[in-house]
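Biologist: I have a structure open on my screen and would love a guided close look at one part of it. Could you walk me through it at an easy pace?

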Amino acid sequence: MGGEDVLYQEESQSDRLSRKTKEAPMFPIAIGVCLGAIGYGVYMYKNKGKMSTSVYLMQLRVGAQGAAVGALTLGLAYTMWKNHLERQQANKK
């Protein structure tokens, strides 16, 4: 190849997580929201009352899909906003 040297460094899991968090700040937020939704779903399943399991799971699936679409939309909006600001700062220089 073109004589380029690529250096790889060993990094711990915590270093990798902090690097990934800086690269994609929506990632830890998405994990937190997912864990919260799972906890809420388990709690509500235990207290579902007379609702059948199949109806409850269908409603939970629809809610989870809505949360996923919402998270993707927010992530996309954040990325577009961030790229727009970077272009504005590059044009000022």
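Biologist: Let's start with Leu-17 and work outwards: in which helix is the place of Leu-17?

Modeller: Happy to take you through it, and please keep in mind that this is a predicted model. Leu-17 sits in helix α1, which covers residues 13–23.

To place that helix, here is the overall fold. The protein has 3 helices and 0 strands, and from the N terminus the elements follow the order α-α-α. The C-alpha trace spans about 65 × 35 × 25 Å along its principal axes. The radius of gyration is 21 Å, whereas a compact globule of 93 residues would come near 12 Å. Just 3% of the 93 residues count as buried. The accessible surface is about 8,500 Å², with 64% of that belonging to carbon and sulfur atoms.

Back to Leu-17. This residue takes part in a nonpolar surface patch of about 570 Å², together with Phe-27, Ile-31, Leu-35, Ile-38 and Val-42. Helix α2 (residues 26–46) supplies the largest share of the patch, with 5 residues.

Helix α1 also has a charged side to its story. Side chains of opposite charge can pair when their charged atoms come close. Two such salt bridges turn up in a search of the whole structure. In one of them, Arg-19 meets Glu-11, at 2.7 Å from N to O. Arg-19 is partly exposed at 32% relative accessibility, and Glu-11 is partly exposed too, at 34%. Arg-19 also forms a salt bridge with Glu-23, where the closest N and O atoms are 3.2 Å apart. Both Arg-19 and Glu-23 belong to helix α1, and their spacing of 4 residues is about one turn of the helix. Glu-23 counts as partly exposed, with a relative accessibility of 49%. Through their shared partners, the salt bridges join Glu-11, Arg-19 and Glu-23 into one network.

Moving along the chain, the unreviewed UniProt entry lists residues 24–43 and 63–81 under "transmembrane region". In the model, residues 24–43 are 90% helix and 0% strand, with the end C-alpha atoms 30 Å apart. Residues 63–81 are 100% helix and 0% strand, and there the end C-alpha atoms lie 27 Å apart.

Aromatic rings are worth a look as well, and the whole structure holds 2 aromatic pairs. Tyr-45 and Tyr-56 make a tilted pair, 5.6 Å centre to centre with 50 degrees between the planes. Because Tyr-45 lies in helix α2 and Tyr-56 in helix α3 (residues 53–92), the pair ties together parts that are 11 residues apart in sequence. Tyr-56 is buried, at 9% relative accessibility, while Tyr-45 is partly exposed, at 38%. Another pair joins Tyr-78 and Trp-81: the ring centres are 6.3 Å apart and the planes meet at 45 degrees, so this pair is tilted. Tyr-78 and Trp-81 are 3 residues apart in helix α3, about one helical turn. Tyr-78 is partly exposed, with 29% relative accessible area.

One last stop is Gly-70, which also has its place in helix α3. Gly-70 is partly exposed, with a relative accessible area of 29%. Measuring back towards our starting helix, Gly-70 and Asp-15 are 55 residues apart in sequence and 29 Å apart in space, C-alpha to C-alpha.

Definitions and conventions. Residues numbered from 1 in each chain as written. Predicted model: local features only at pLDDT ≥ 70, side-chain atom pairs only at ≥ 80, totals over all residues. Heavy atoms only, no water. Patch = residues over 30% accessible without salt bridge, like charges linked within 9 Å, V, L, I, M, F, W, Y side chains within 5 Å. Areas by Shrake-Rupley, 256 points an atom, 1.4 Å probe, with all protein chains shown as cover. Salt bridge = Lys/Arg side-chain N within 4 Å of Asp/Glu carboxyl O. Helix = DSSP H or I, 4+ residues; strand = E, 2+ residues; numbered from the N terminus. Phe/Tyr/Trp six-rings, centres within 6.5 Å; stacked < 30°, edge-to-face > 60°. Buried < 20%, exposed > 50% of the residue type's maximum accessible area, 1.4 Å probe, protein only. Rg over C-alpha atoms; globule rule 2.2 N^0.38 Å. UniProt positions renumbered as here; feature names shortened; annotations may be inferred.
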